[in-house]
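Hi,

Here is the structure I promised to pass on. Have a look at it first, and then read my notes below.

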Amino acid sequence: MASLTAHLGDGDRAQLKAWFAAQKKRAAKLPPLAFPLSAADVFGAPAGTTGGALGVDFVTAQKDSTKVDLGSELPAIPGRPRLPTLKLAQRMGEGGIGAVVWNCGRALCHALPRLPELANGRFADAYTSVLELGCGTGLVGLACWLRGAGQGGKRARRAGSVALTDLASIAPLARENALACVGADGALPPGLAVEALAWGDAPPPGVAARAPFDVVFGSDCLYDAKVLPQLLATLLATTGPASVVYLAYKRRVDEREAPFFALLEAHFASVAFSEASEVPEEWRGTGLHICRLAGRREPAPSA
């Protein structure tokens, strides 16, 4: 190593050293993400005082595209590229804040390889079906596909078992990004689909045919209190007793958010949060948590 860097200046050597350190960190084995907190724990503690209420970097959000680091090293999976970063188009001028990358999405990508459903950086069950709600740019769903969700096999009839969904006005952006990142010859690859889905509406046939999904993701979906009843209806329509839901949540207004988690506790046996310190350092203290829902209760039979 010394002989290779002898001709480099101090600045170049420092840059190379930083690059090797980053690669070592990326390849390091990650501890599983724990979910020790209840909703009472989260809302019983003082809210964070840093980071503001926005949850998005508006300087970056106004750019036509942004790059997102997917965290730890991606595994080798036949037919799926090993992309350490995704370059995603953004359309804030056309689609508003729903068409940009949010901090919660970035944090969820970093948390993804540490979730119980993954091992060695990939989904432990290659047949895992994934639904992303409010996908925006498609970031989290694409990260799940790259980490091996929805590979088919015994569930091959459920084509496109990683489904990215958002409003009809936003879904084309997710499709554009999916095609640019992993598409070929103008088509999405096997195991990946993009669908228009408005919360509260009946899921479109392409989503309904795959429900209940094994894992459902949502990133910063709770900022508009008016749509929370519709979000709950869609969660219940796309999950079953064995499903798991992950919500990357930024705490903003307890009075409207705490009641929603109380509703979730009525429908899911387990509603648990990660420690605020578990998110990447740049977002610590901003009220950002990963919430895990499991054990969805079956609806009571009608009289």
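**What I found**

Let's start with N120: its relative accessibility is 67%, so it counts as exposed. Bear in mind throughout that this is a predicted model. N120 sits in the loop between β3 (118–119) and β4 (122–123). Its backbone is a bit unusual to look at, too: N120 is not a glycine, but its phi is positive, near 55 degrees.

D220 also has a positive phi, about 50 degrees, and is not a glycine either. You'll find D220 in the loop between β8 and α10. Is D220 buried or exposed? With 5% relative accessibility, D220 counts as buried.

While you're looking at loops, check P212, between α9 (205–208) and β8 (215–219). The peptide bond leading from A211 into P212 is cis, and omega there is near 0 degrees.

**A helix with a buried face**

Next up is helix α11, residues 254–267. Its 14 residues, at 1.5 Å each, should span 20 Å, and the C-alpha atoms at its ends are indeed 20 Å apart, so the two agree. Which residues of α11 are buried? They are E257, F260, F261 and L264. Looking down the axis of α11, you'd see these buried residues within an arc of 95 degrees, so they line one face of the helix. That fits a general point: an α-helix has 3.6 residues a turn, so residues three or four places apart point the same way. As for what covers the buried residues of α11, the list includes the helices α3 (39–44) and α10 (228–238), along with the strands β9 (244–250), β10 (268–273) and β11 (288–296).

**A buried arginine**

R106 is in helix α6, which runs over residues 103–111. R106 is buried, yet has no salt bridge. How far away is the nearest side chain of opposite charge? That side chain belongs to E282, and it is 6.8 Å from R106. Leaving aside residues up to four places away in sequence, R106 touches T60, T66, K67, V68, V101, L139 and W283.

**Cysteines**

Last, the cysteines. With a cut-off of 2.5 Å between sulfur atoms, the count of disulfides is 0. Take C144: the nearest cysteine sulfur is that of C109, at 7.6 Å, and C144 is in no disulfide. C144 is buried, with a relative accessible area of 0%. C181, at 17% relative accessibility, counts as buried as well, because the cut-off for buried is under 20%.

Cheers

Conventions:
Residues numbered from 1 in each chain as written. Predicted model: local features only at pLDDT ≥ 70, side-chain atom pairs only at ≥ 80, totals over all residues. Heavy atoms only, no water. Helix = DSSP H or I, 4+ residues; strand = E, 2+ residues; numbered from the N terminus. Buried < 20%, exposed > 50% of the residue type's maximum accessible area, 1.4 Å probe, protein only. Lys, Arg positive; Asp, Glu negative; His and termini not counted. Salt bridge = Lys/Arg side-chain N within 4 Å of Asp/Glu carboxyl O. Contact = heavy atoms within 4.5 Å. Expected span 1.5 Å × (residues − 1). Arc of directions from axis to C-beta.
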